[in-house]
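Open the model in your viewer and keep the sequence panel visible. The stops below can be selected one after another.

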Amino acid sequence: MSSLINTYLSLVVVLAICGISSGRDLTRNCITEQDLSDPFESTVLSLHNAARSKHEDTPPLCWSESIAADAKTHADFLADPEQNPEGFEIKSSYMYGENLYRAKILFSGTTGAEIARGAVQSWYNQEPLYNYNFEHGVYSGSGKQRASAHLYSTKKFTQVVWRSSENMGCATSTRHSHYYFVVCLYTPEGSKGDKSTYHDNVRKKIACDPPTIYKGRHTTAGPFLLDQEVRVRCEEGYTLEGSKQGTCLKNKTFHFEEEPRCTGCEVQGIANGSASIEEGTVIADGETVIYSCDKGFSLDSAPRVLQCLGNEFIHSLPKCRKEGYCLRPELENGFAYARSIDDDFRYRGEDVGWDHNIPEGENITIICGTGYELVGNYTATCRGEKFSGQVGTCQLCYIKDLKTIYNRYVNVYTGMVYDRPPICFGPNAEKVSASSNSHISQLLVVLMFFSYTLNPVT
C-alpha cells in the first residue's frame, strides 16, 4: 500500500514540475475568464479568446498564474526608471512567446479593463497586414525586407492567434503615472518557425460563402466574416418571404430566423400561342396564367391554366401543334426524326432542326444517343393527330454483344427482344458484358429458345 502512495506522490511531483516548465498547470482544470476576479486579467484573457474564435480551428487559451507572475516581474522591470531609464519595450529572457505594449495614461481613471482592451486591440490590428499564403506575413517587399516586416509588423498578431499556444499570463505596471506597460507571455511559444509552421498555426478568419437564393441576391459587401450580418433582397417583381438578414456562424453557414426565399413565377411565352399575361411578367405565389393557341393550332394534353406555387408553375408549359398534325415527341437521351438520315447524323446525335409539327401519315424514327439503347418501338406514324403505338424510349446500355435467336436479337441482361440490333455503343456499353452474368444469360437464352420453339416465328 505504501508503495502505491509513493508512486502517486511521485507522479504528482512530476506533473507539477512539467506544469511549471511548460507554463501550464496540469494538476487542475483550465482557468477561464469567469474564474478571474481581477478586471485586467479577465478582460485580457477574454479578448484574446474572442480574437482566436474568429479564426478557423483555433482553441481558446487558459490562464496560468505562474506565467502571470513572470509577466508581472518583467512589467515591473520595464516600468522601473532605474532598470529601464529609456522606457523601451525590452523582450524578457523567459522562454515564452511574448507581446509587449506601452501607452500613455490619458487620465487618472483608466481602468484595468481599458488597459487590456487597448493592448489586445493594438496587437490584433496587425491582422490586415498578414498574408495567410506567405509565412513572413506581409504583401510587399522581398527577402530580408519581408522577414523584417514580418518580425515588426505582424508577430504580435500571430502570437495572439497562434493555434498551438495553450496558456497565457499577463500583467501591467505603471511608470511615474505617465504611461503603463503591458506584458503577455504565452506557452508554447508562437510567432516562429517556417512556412509550414505558420500555415498550421495562423489560420484564416472564419468566413461564410455568400447566401444563394433563387431570384434573390445579397446587398451586403463581402467577405462575410464570423458574426457579420448579411442582408438579402429579391429581384424585381419577386416577393421576399422569411428573414431579410442573417448572421455568419462558426460552421461557415448563415443563420436566418426564417429561411428567406423569393416567391413568384415569370410568365413565359409559347410558340404559335400566347399567354393571358405579358411574357416576362412575374406573378405572385398562387396566381394563374392562361395559355391559348393561334388560329390553326391546338393545345396538347397539358393544362392551359398554370398556377404559380412558390417560385415555379405546378405544370409544365403547354405546346401548340398544328391542327391535323402530331407534335414531335421530346425524348431524353435520344431524338425523334421525321425523315431519313444518314449514319453521320445518327452517330453524332445531331438534331436536324425540323419543325416540331409532324404531318399526317409521316413516320418518325427514334435514334438514341451514345451509350443508350432503344426500348420499345423505334418507329411510329402520325395518325389522327396522334402517333400510332407507344413511342420507344432510350435507356442506358448494359451489354456489348447480343444473342441471336431465329433472326431476332436478345438482350441477355434486360431480356429485351429486338427485330434489329439496337444502336448501343460507347463507354456505357462496356459496363456489363453478357459473359459476366453467364448463368443469367444462359437461363434467358434457354427460356427464349423454348419460347420460340413452341411458338415459332412465321
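The tour goes through paired strands, then salt bridges, then a charged patch on the surface. Bear in mind that this is a predicted model.

**Stop 1: strands E14 and E16**

Select residues 273–275, which are strand E14, together with residues 288–293, which are strand E16. These two strands pair in the antiparallel sense, over three bridges. To see how they line up, show Ser-274, which stands opposite Ser-292 in E16.

**Stop 2: from E16 to E18**

Keep E16 and add strand E18, residues 305–309. E16 and E18 also pair in the antiparallel sense, again over three bridges. Two facing positions are worth labelling here: Ile-290 stands opposite Val-305 in E18, and Val-289 stands opposite Leu-306 in E18.

Now show the side chains of E18. Which residues lie on its covered face, and which on its uncovered one? Leu-306 and Cys-308 make up the covered face, while Val-305, Gln-307 and Leu-309 make up the uncovered face. As background, side chains in a regular strand alternate between the two faces of the sheet.

**Stop 3: the hairpin of E18 and E19**

Extend the selection to strand E19, residues 312–313. E18 and E19 pair in the antiparallel sense over two bridges, and Leu-309 stands opposite Glu-312 in E19. The two strands form a hairpin with two residues between them. In that turn, select Gly-310, which has a positive phi of about 75°.

**Stop 4: salt bridges**

Hide the strands and turn to charged side chains. Side chains of opposite charge can pair when their charged atoms come close. How many salt bridges does a search of the whole structure find? The search finds ten, and some of them are shown next.

Start with Lys-72 and Asp-76, whose side chains meet in a salt bridge at 3.3 Å, N to O. Both sit in helix H3 (residues 65–79), and because they are four residues apart there, about one helical turn separates them. Lys-72 is partly exposed, with a relative accessible area of 36%, and Asp-76 is partly exposed too, at 34%.

Next select Glu-127 and Lys-205, which meet in a salt bridge at 4.0 Å, N to O. Glu-127 is in the loop between helix H4 (112–124) and helix H5 (144–153), and Lys-205 is in the loop between helix H7 (195–201) and strand E5 (207–208), so this pair ties together parts that are 78 residues apart in sequence. Is Glu-127 buried or exposed? Glu-127 is buried, with a relative accessible area of 11%, whereas Lys-205 is partly exposed at 21%.

Then go to Glu-385 and Arg-321, a salt bridge with its closest N and O atoms 2.8 Å apart. Glu-385 lies in the loop between strand E26 (379–383) and strand E27 (386–387), and Arg-321 lies in strand E20 (residues 320–322), so parts that are 64 residues apart in sequence are tied together. Glu-385 is partly exposed at 28% relative accessible area, while Arg-321 counts as buried at 14%.

For a case with three residues, select Asp-57, Arg-163 and Arg-203, which are linked in a network of salt bridges.

**Stop 5: a negative patch**

Finally, switch on the surface and select Glu-235, Glu-266, Glu-278 and Glu-279, which gather there in a patch of negative charge. Glu-235 is in the loop between strand E8 (229–234) and strand E9 (239–241). Glu-235 is partly exposed, with a relative accessible area of 39%.

Methods: Residues are numbered from 1 along each chain as its sequence is written. This is a predicted model: local features need pLDDT of at least 70, side-chain atom pairs count only at pLDDT 80 or more; totals for chains, interfaces and linings use all residues. Side-chain values use heavy atoms; hydrogens and water are left out. Patches are made of residues with over 30% relative accessible area and no salt bridge: like charges are joined within 9 Å, nonpolar side chains (Val, Leu, Ile, Met, Phe, Trp, Tyr) within 5 Å. Accessible areas come from the Shrake-Rupley method with a 1.4 Å probe; for residues, only the protein chains shown count as cover. Lys and Arg count as positive and Asp and Glu as negative; His and the chain ends are not counted. The place of a charge is taken as NZ of Lys, CZ of Arg, CG of Asp or CD of Glu. Buried means under 20% relative accessible area, exposed over 50%, partly exposed in between (1.4 Å probe, protein chains only). Two strands pair if DSSP finds at least two bridges between them.
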